Amino acid sequence: ESKRMVWSTYSSSVLTNYAKVTRLIEGNEYIFRVRAENKMGTGPPTETHPIIAKTKYDRPGRPDPPDVTRVSKEEMTVVWNPPEYDGGKSITGYILEKKEKRSLRWVPVTKTPIPERRKKVTNLFPGHEYQFRVSAENEVGLGEPSLPSRPVIAKDPIEPPEIELDASMRKLVTVRAGCPIRLFAIVRGRPAPKVTWRRMGIDNVIRKGQVDLVDTMAFCVIPDSTRDDSGKYSLTLVNAAGEKAVFVNVRVLDKPGPPQPPFDISEIDADACTLSWHIPLEDGGSNITNYVVEKCDVGRGDWVTALSSVTKTSCRIGKLIPGEEYMFRVRAENRFGISEPLASGKMIARYPFDVPSEPKNARITKVNKDCIFVAWDKPDSDGGSPITGYLIERKERNSLLWVKANDTAVRSTEYPCVGLIEGLEYTFRIYALNRAGASKPSKPTEFVTARAPVGKPPLPVLYPPGKPEVIDVTKSTASLVWTRPKHDGGSKLIGYFVEACKLPGDKWVRCNTTPYQIPLEEYTATDLEENAQYQFRAIAKTAVNISRPSEPSDPVTIHPENVPPRIELDLSMQSQLTVKAGTNVRLEANVYGKPMPAITWKKEGEVLKPSEGLKITTKRNLATVELFSVNRKQTGDYTITAENASGSKSATIRLKVLDKPGPPASVKIKHMYADRAMLSWEPPLEDGGSEITNYIVDKRETSRPNWAQVSANVPITSCTVERLIEGHEYQFRICAENKYGVGDPILTEPAVAKNPYDPPGPPAFPKVVDTTRNSISLSWSKPAYDGGSPIIGYLVESKRADTDNWVRCNLPKNLQATQFVVTGL
């Protein structure tokens, strides 16, 4: 020891160049010397400098003065930072002391060291002023206390209420019906404010759900939401310092409500009807995409889907069975489901009019060995729909079966029944037809035997043509038309003779020499005397017979008549004529005027000429344009112009050709991910004349030839294709569809299914900010590269130095900051 100056031998047998000296007294100062020894003796010593025997670790340094955060009249929360110098050993705890400002004595708040750097001090006297200090302790001992904190009076602080809304609460909060509504906010204020949640409305109360306050978080949870829970919610804080309120808009999305009555059934036919309804009062918070219409055959009782993609509040239902009773119901559909149905009343599939009454006074007018003429009178009632023709049946006397005598409906009230067997007795009956069907049969005629009239040769009967009609007159000509004979006697007509009689007088002069000159039922007589009066008649000629002359025409004076042109359009031609592409269309108009007007057809101002697929004819007063296998390009206005010396007249027929739509105008892949792709496209430039009802989306891997359907009922111009395989190359195609078919597709460029971003780079090496006996505080910097997508969280892992197993210390969704305290060590 340096103060004794007496040397003592510690060891005389040290073989190394170092030695450990023990049994020293802490705090004493020592000097050591070493001598080397060999066989010849001991050498001179070497001495050390004086050194005090003490440990190499110190007690921790002095912490900074602590801070007082939360203050009330009976308690305060004190926080502090660790000292800059921990003495070489980890801090194991802290001792917190308090004193009143005017007092000199410090009172321990914690009797034993605590590892935390925060302490709530209670049981304070209201209105008294307090100071605090803190001392750090390690394995060596307790360090010096910090300087005192600032004096703080024990009283309730007054801070106005503050509300911090999460970003998701500032926007519209959208949930699906049946899912919980969770509203929350961070609330502050001193004294602690009163928290009130309200739903803005008639009574401003929340009738269901749970309202809670945990620490500084205010919650409002409605577990099973319905559409009625949509609306504006308010959070109000009130304390002595003031009042604060925020609002949160909530929308609950659900399937729509049922369509609204009246559910009308109109335009009823034998196999179809039209339905109409009103949009639902409640759309579920999402646009109505379509309606689903179902029908029920009341006799069977089962409901089947009739139409599943109706986009309007009306539709036409077909394929009904005539005479059956039906009910219908309609449901509205949006992205979130299908509504309850709206049901109609019952209806019977039948025309709104009846069949005609039976024809009257059926009778036999002429008899031959293989032809019998039957005549009848019109029915008393047409049933509410014009009579379209008559059906004749015949029956032999010894037969029970009635057989049709005509293949097509007869428009006149007389018909020659041919193909009879000479010598058999026949009776006949007649049905009247309209759109509703056939009437009851007339009373049968009397039985009559098919045979040649007595006393006349059995020559074929050739009936005279119809009465000629003068349709046009000039100063020297007259244009005539007539009808074919009702019966040609079984031989083919080869032509007609036309005879003229100048009045007054009774001499008939033939206008043609052979019947071959007039093969049709029309003729223009020429070289007539101007201002003279004439009558005309026609005679039919077959290879074996010649008919009696027809009834003479009405007298006509030969002088030019100036009648301006007149055009009459059928009712169906007056409104827009709508047809489906690929069908044949016949446009027709009746043209009158004297002299007969010249006729011109135009489409959108361009003169039409006969060509492949287009035929123009004019027969008598009827002018027609026939279009074969029409397409969308033939949609437009067709104008007929009739012109003669007295003027000009025009009429327009509007034709609309409906077809399947064209391909979408453009398509692009908006976003491509590892398992899905988001597509968008533009509607077709050509919708086919009918509203686009939906789109069809297909996909295929480019390594395979076959397409797989993604969806056949996409109502909008965007779609997300899911279930892709990462790394595979895909191609997509989109087709538009309307009620007339599916259009041609448009294809995307091939694209590989992968995410548009990469994993982030590594964070900076973590730094140890603080340590305790069972925890470590870490901090780190963000990675230099985020991979193209914002960082959403960090994973912290730990492992003991003597193992290779890393253990996760947190969940990624809970750690967004770049600091973390690892506990449980």
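**Exercise 1. Locate Pro504 among the strands, and state the geometry of the peptide bond that leads into Pro504.**

Pro504 lies in the loop between β41 (493-503) and β42 (508-510), where helices (H or I, at least four residues) and strands (E, at least two) are DSSP runs, numbered from the N terminus. This is a predicted model, in which local features need pLDDT of at least 70 and side-chain atom pairs count only at pLDDT 80 or more, while totals for chains, interfaces and linings use all residues. Residues are numbered from 1 along each chain as its sequence is written, and side-chain values use heavy atoms, with hydrogens and water left out. Turning to the bond itself, the peptide link from Leu503 to Pro504 is cis, with omega near -5 degrees. A second cis bond runs from Pro261 to Pro262, with omega near 5 degrees, and Pro262 is placed in strand β22 (residues 260-266).

**Exercise 2. Find where Asn531 and Ser629 lie, and describe their phi values and exposure.**

As background, most residues other than glycine have a negative phi, and most peptide bonds are trans. Asn531, in the loop between β43 (522-525) and β44 (533-542), has a phi near 70 degrees, a positive value in a residue other than glycine. With a relative accessibility of 55%, Asn531 counts as exposed; the classes are buried under 20% relative accessible area, exposed over 50%, and partly exposed in between (1.4 Å probe, protein chains only). Ser629, which is not a glycine, likewise has a positive phi, of about 50 degrees, and Ser629 sits in the loop between β52 and β53. Its relative accessible area of 46% makes Ser629 partly exposed.

**Exercise 3. Give the strand order of the open five-stranded sheet, and say which strands stand at its edges.**

The order is β47-β54-β53-β49-β50, with mixed pairing, where two strands pair if DSSP finds at least two bridges between them. Since β47 and β50 (606-607) each have a single partner strand, they stand at the edges, and one side of each is therefore left without a neighbour in the sheet. Within the sheet, β49 (residues 598-603) and β53 run antiparallel and are joined by six bridges. In this pairing, Lys603 stands opposite Tyr638 in β53.

**Exercise 4. Identify the residues that touch the most other members of the largest nonpolar core, then trace the contacts of Ile640.**

A nonpolar core is a set of buried Ala, Val, Leu, Ile, Met, Phe, Trp, Tyr and Cys residues joined through side-chain atoms within 4.5 Å. The largest such core has 23 residues, of which Ile567, Val585, Leu587, Trp601, Leu627, Ile640 and Leu655 touch the most other members. The elements that give two or more residues to this core are β47 (577-580), β48 (585-594), β52 (622-627), β53 (636-644) and β54 (647-658). Following Ile640, and leaving aside residues up to four places away in sequence, one finds that Ile640 touches Ile567, Ala589, Val591, Ile599, Thr600, Trp601, Ala623, Lys649, Ser650 and Ala651, contact meaning heavy atoms within 4.5 Å. Apart from this core lies another, of 21 residues, among them Val470, Leu480, Val498 and Tyr534.

**Exercise 5. State how many salt bridges the structure holds, and work out which parts the pair Asp698 and Arg733 ties together.**

In general terms, side chains of opposite charge can pair when their charged atoms come close. The structure holds 33 salt bridges, each being a side-chain nitrogen of Lys or Arg within 4 Å of a carboxyl oxygen of Asp or Glu. One of them joins Asp698 to Arg733, the closest N and O atoms being 3.0 Å apart. Because Asp698 lies in strand β57 (residues 694-701) and Arg733 in strand β60 (residues 729-738), the pair ties together parts that are 35 residues apart in sequence. Asp698 is buried, at 7% relative accessible area, whereas Arg733, at 23%, counts as partly exposed.

**Exercise 6. Describe the exposure of the partners in the salt bridges Asp302 with Arg300 and Arg800 with Asp802, and name the residues of a network built from shared partners.**

The closest N and O atoms of Asp302 and Arg300 are 3.6 Å apart; Asp302 is partly exposed at 31% relative accessibility, and Arg300 is exposed at 67%. The side chains of Arg800 and Asp802 meet at 3.3 Å, N to O, with Arg800 exposed at 60% relative accessibility and Asp802 exposed at 57%. In addition, salt bridges that share partners join Glu267, Asp269, Arg316 and Arg435 into one network.
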